[in-house]
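Biologist: I am new to this structure and would like a close look at a single part of it. Could you take me through one helix pair and the cavity beside that part of the chain?

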Amino acid sequence: MLSIKQLAESIALKEGLHYVEKNPMENFPKLLKWGEKFASREDHKMEINDVAKNMKDHTTVTYKFIERVLTELNQEVRKKFLVNFIINSGLVGIPESTKIQEKEKCNIPWAILLDPTASCNLKCIGCWAAEYNKGDSLSYETIDRIITEGKDLGIHMYIFSGGEPLVRKEDILKIIKNHSDCMFLSFTNATLIDEKFADEVAKSGNLTFAISVEGFEKETDMRRGANTYQRVLLAMDILKNHGIGFGFSSCYTSKNYLSIGSEEYIDFMIKKGCLFGWLFTYMPLGKDAVPELMVTPEQRKFMYERVHAYRKEKPIFLMDFWNDGEYVNGCIAGGRRYLHINASGDVEPCAFIHYANVNINDTSLLEALKSPIFKQYNKNQPFNDNHLRPCPLLDNPEKLREMVHASNAHSTQPEDEENVDDLTAKCQGKSAEWTIIADELWSKSH
């Protein structure tokens with residue numbers, strides 16, 4: 001097997017990319033054949049074959065989605081997506097991480113979510129990061145070290161969250177240029193995206209954006225502040241005009257689920273240029289949590305059914321992180337597919353699980369993956385045989401209680417140091433109610 005560097009610099013890859021640039025849609029199947037030869041895992045080969053089959057029928061949603069990716073992105077962005085995301089992070093990175101995982105006997109993630117800063121220029125109702133210290137930030141040197149150590153573990157996908165990551169635009173631009181062999185995604189409220197910044201991102205090609213939006217104008221401005229929605233739409237126009245990849249990130253609640261789950265909303269996001277949509281459900285974290293915003297089991301089922309329908313109809317990649325456990329065999333946190341490092345350096349299993357044993361400023365990434373709370377995740381995953389109940393907080397609260405107590409992990413929320421027993425108590429009722437519906441859905445499809 002070629003090394004990542006050898007693969008990225010190989011004549012075969014350059015030739016394949018040259019074919020794509022000449023006529024993206026006509027020659028993309030040739031690149032798929034090339035990729036199949038280098039794929040070492042059977043599941044990767046099967047996925048490539050599935051895409052190749054769908055490319056033969058121009059009426060399929062897969063064909064239309066790939067057409068959007070290959071024609072709407074600028075040349076540099078398209079190249080970095082194919083090399084850094086598909087090859088470095090996927091075809092080569094995942095097998096490499098799997099070998100290290102077996103050797104080290106701990107989870108090695110596909111992606112690392114990290115917070116450059118806890119600062120933000122907005123104050124959104126129900127923000128999952130609201131309980132962090134707003135003055136915290138990871139130094140440039142620490143971020144650089146995390147990525148360098150991650151690459152040694154086969155990790156080539158990095159995600160910025162916060163706070164608002166773009167408060168540190170210059171450092172982010174420096175990071176993505178310094179690690180040009182990696183793919184980056186930034187969650188952002190988009191209000192700090194301008195032409196100058198977009199110009200620099202377009203040149204680098206390896207940074208995409210998940211733009212926070214809560215539905216249409218009324219729902220978005222209600223949670224994020226007046227005029228935020230219009231600023232979001234402007235940012236989408238700027239990114240689209242520069243050929244930069246982006247999507248939307250929406251948190252559905254009991255108040256906005258009908259808007260976010262509507263066909264009108266998905267169609268509008270596609271029209272604005274979104275290539276993907278990340279869907280989250282409201283989690284009641286911290287002293288200022290609003291439990292009334294949690295969706296009911298019936299509302300969660302509505303989102304499950306809508307997303308499944310849109311996948312068959314719409315040329316956009318949609319993922320519902322709580323309802324899609326069936327595709328990844330349960331919870332992906334705890335380093336199984338990803339982990340979270342907050343702005344103070346605490347290494348947490350998940351962006352929504354604010355408990356940790358170690359701080360990245362005092363330890364290596366690999367040592368953090370072997371910390372007690374991560375070992376508990378590795379030992380207990382999946383948390384339920386029904387993968388429509390994947391989460392150890394929302395769906396199996398007793399599991400999170402057990403793991404936090406067993407690992408003696410501490411709260412990373414300096415604002416209230418929320419006790420795990422208090423946190424899980426908020427989810428106990430919804431968990432029991434969702435169990436009935438989730439088991440019905442699971443029995444129908446399995």
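Modeller: What follows is a description of one helix pair and then of a cavity. This is a predicted model, in which local features need pLDDT of at least 70 and side-chain atom pairs count only at pLDDT 80 or more, while totals for chains, interfaces and linings use all residues. Residues are numbered from 1 along each chain as its sequence is written, and side-chain values use heavy atoms, with hydrogens and water left out.

The axes of helix α18 (residues 397-407) and helix α19 (residues 420-445) come within 8 Å and cross at roughly 165°, which makes α18 roughly antiparallel to α19 (angles over 145 degrees count as such). Helices here are DSSP runs of H or I with at least four residues, numbered from the N terminus. On the α18 side the contact (heavy atoms within 4.5 Å) is made by P397, E398, L400, R401, V404 and H405, and on the α19 side by V420, D421, L423, T424, C427, Q428 and S431. By class, this contact has six nonpolar, four polar and three charged residues.

Helix α19 also gives the most to the lining of the largest cavity, with three residues. A cavity is a set of points on a 1 Å grid over the protein atoms alone where a 1.4 Å probe fits but cannot get out, and lining residues have an atom within 4 Å of a point. The largest cavity has a volume of about 90 Å³, and its lining includes K430, S431 and W434.

Methods. Axes are lines fitted to C-alpha atoms, for helices over the stretch in contact, and angles run from 0 to 180 degrees between N-to-C directions. Helices (H or I, at least four residues) and strands (E, at least two) are DSSP runs, numbered from the N terminus. Angles under 35 degrees count as roughly parallel, over 145 as roughly antiparallel, 65 to 115 as roughly perpendicular and the rest as oblique. Ala, Val, Leu, Ile, Met, Phe, Trp, Tyr, Cys and Pro count as nonpolar, Asp, Glu, Lys and Arg as charged, and the others, Gly among them, as polar. On a 1 Å grid over the protein atoms alone, a cavity is a set of points where a 1.4 Å probe fits but cannot get out, and a pocket is an open set with protein on both sides within 12 Å along at least five of seven lines; lining residues have an atom within 4 Å of a point. Grid points are joined across faces, edges and corners, and a volume is the space filled by probe spheres set on the points.
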